[in-house]
Amino acid sequence: MKLVPKSPNGNPGKAEPLLSVGDSGFKKPVSRTRTIRIDFRNVAIAPESLMDKFVIRGGNPLVGSVRISGAKNAALPAMAAAILTDEPVILENIPDVRDIQTERNLLVSMGAEVELGYGRASHRTTISCNNLVNPEAAYELVKTMRASTLVLGPLLARMGRARVSQPGGCAIGARPIDLHIKGLERLGASIKQEHGYIEASADRLRGGHIIFDKITVTGTEDLMMAATLAEGETIMENCAREPEVVDLAALLTKMGAKISGAGTHTIRIHGVEKLHGARHRIIPDRIEAATFVIAAVLTGGDLQLINCDPSHLGSLIQKLEECGVSIKAGTDSMRVTNGHQLEAADISTEEFPGFPTDMQAQYMTLATQSQGTSIITENIFENRFMHAGELARMGANIKVKGSRAIVRGKTPLSSAAVQCSDLRASASLVIAALVADGETIIDRVYHIDRGYERIEEKLKGVGAQIRRIGEILPKRAAAPSVVA
Ligand code: EPZ
């Protein structure tokens, strides 16, 4: 299945995505396809799913094996990297989550062709940016996913100009992108910010020396991508060392980039004239894996996780062993069993390889079931305790003071109506509901759909009692419009 851009009057300008259906041989002539126009404003987020809720009856141990999907936070920069070449980039193990849909819509709105695999290839995406007509990331898309700003560096490097909406505020913190902008200016870009947009231009970026004021994951990724086509060498210091950064460097290297030091605090990039196409398998999602580990621990289950990479979860495994959990880790699988009383243990979120902030909320749920007092310190984002109030509604004993949350356990959790505020907070509520006595209703689960692939089906597959209910809206509003 291929998404191709076509402007309504055939002239360049704001592209209107069209969809063509046919068996997805990339080189196959277009004539074998049948054209169906899909109105993407409805495709990205079908209105009814905004009303979806989960109903979860707690008390069932998770038993069996669950397959972990590809990493959302590795797939998003990898898709943006396709902008750097006019040849096809084939990405495998792409998770089928909402943020990936948004990224696809973003690329198509610029003029890219995005081919979605289906059936056995449903986790493969082929992106071709040989006809980028519109180097812009519009507010409508960026406001739904701030990672859209990852196209800034690649567009500037490849097209010499980019217009990207400022991401605006976020539930978990201010999250400015000033370090991305400062870095691009050090590579010779001229940048102005007006009317909520970043307007950037550069004939050709020049290699430079960047020392990040603060460790930033997407900042490191954005600048690393930009530097691949810059003139000369770029040295970046105080870089993020996350596995997703290393995975992006692996893809860029396959595309012909000259990069060394990814995974350390200092990355060197020798710019090249041109990059070429490549095929790359995205790493497993360490945060999804860690979420299932904690769910298995708290439900007293016996769970095998497959298609995961335990080496990315060192800090979590160590912390859980400190709490008394036994985890058997293989190279691409893990087995979690737990029958004993959990002991309380403090955490403080740090950049990789420290304890990930994206696991703080799920760990808080665990701390409510541990014997004793756990102090949770959030060092990365200034407003990432929204889940604490919802967990307290289920009976948890949590006191939040600034960047610290003091959790006293063990306290039995009881079912309640709760609502999600952001992606990882949603995961902490789902885990709490799996433990709670009774039937919990979780509202606004569209947050969890952004980063977890069909979580309710995966949980059901290992014994959880969970179902998704949606407000049935009149069919007309929901269904995407199709013009044969
Ligand atoms: C990435 O966000 C992840 N998102 C986040 O995952 C994750 O929580 C975060 O890294 C930290 O691990 C993706 O990879 C798409 P940062 P990012 O720049 O890159 C400040 C999830 O749940 N900062 O490393 O946006 C910033 O405000 C998401 O999947 C600046 O001040 O995070 C924060 O306090 C949520 N200026 C700190 O640095 C900048 O220009 C770290 O943020 C950039 C960042």
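Select Lys72 and the ligand to begin: a polar side-chain atom of Lys72 sits 3.0 Å from an oxygen atom of the ligand. That is a polar contact, meaning a pair of N or O atoms within 3.5 Å; within protein, one must be able to donate a hydrogen and the other to accept it, and residues adjacent in sequence count only if both atoms are side-chain atoms. You are looking at a predicted model, in which local features need pLDDT of at least 70 and side-chain atom pairs count only at pLDDT 80 or more, while totals for chains, interfaces and linings use all residues. Residues are numbered from 1 along each chain as its sequence is written, and side-chain values use heavy atoms, with hydrogens and water left out.

**Around the ligand**

Add Arg175 to the selection, where a polar side-chain atom lies 2.9 Å from a ligand oxygen. Then add Thr218, with a polar side-chain atom 2.6 Å from an oxygen atom of the ligand. The ligand has 830 Å² of accessible area on its own, and the protein covers 89% of this (Shrake-Rupley method, 1.4 Å probe; for residues, only the protein chains shown count as cover).

Now show the whole shell: 21 residues surround the ligand, and the closest are Asp178, Thr216, Thr218, Asp358 and Ile380. A residue is near the ligand if one of its heavy atoms lies within 4 Å of it. Colour by class and you will find nine nonpolar, five polar and seven charged residues. Here Ala, Val, Leu, Ile, Met, Phe, Trp, Tyr, Cys and Pro count as nonpolar, Asp, Glu, Lys and Arg as charged, and the others, Gly among them, as polar.

Which element gives the largest share of the shell? Select H6, which supplies three residues. Helices (H or I, at least four residues) and strands (E, at least two) are DSSP runs, numbered from the N terminus.

**Salt bridges**

Return to Lys72, whose side chain also meets that of Asp99 in a salt bridge (3.8 Å, N to O). Lys72 is in helix H2 and Asp99 in helix H3 (residues 98-110), so the pair ties together parts 27 residues apart in sequence. Both Lys72 and Asp99 are buried; buried means under 20% relative accessible area, exposed over 50%, and partly exposed in between (1.4 Å probe, protein chains only). A salt bridge is a side-chain nitrogen of Lys or Arg within 4 Å of a carboxyl oxygen of Asp or Glu, and by this rule there are 24.

Next, pick Lys53 and Asp443, which form a salt bridge at 3.2 Å, N to O. Lys53 belongs to strand S4 (residues 53-57) and Asp443 to strand S27 (residues 439-443), so this pair joins parts 390 residues apart in sequence. Lys53 counts as buried at 18% relative accessibility, whereas Asp443 is partly exposed at 22%.

Move on to Arg335 and Asp302, a salt bridge at 2.5 Å, N to O. Finish this stop with Asp52, Asp449, Glu456 and Arg468, which are linked in a network of salt bridges.

**Helix H9**

Last, select residues 286-298. Is H9 buried or exposed? All of its residues, 13 of the 13, are buried, so the helix is largely enclosed by the rest of the structure. Its end C-alpha atoms are 18 Å apart, in agreement with the 18 Å expected for 13 residues (1.5 Å times one less than the number of residues). At the start of H9, zoom in on Asp285: a side-chain oxygen reaches to within 2.9 Å of the backbone nitrogen of Ile287. After H9 comes Gly300, which has a positive phi near 65°.
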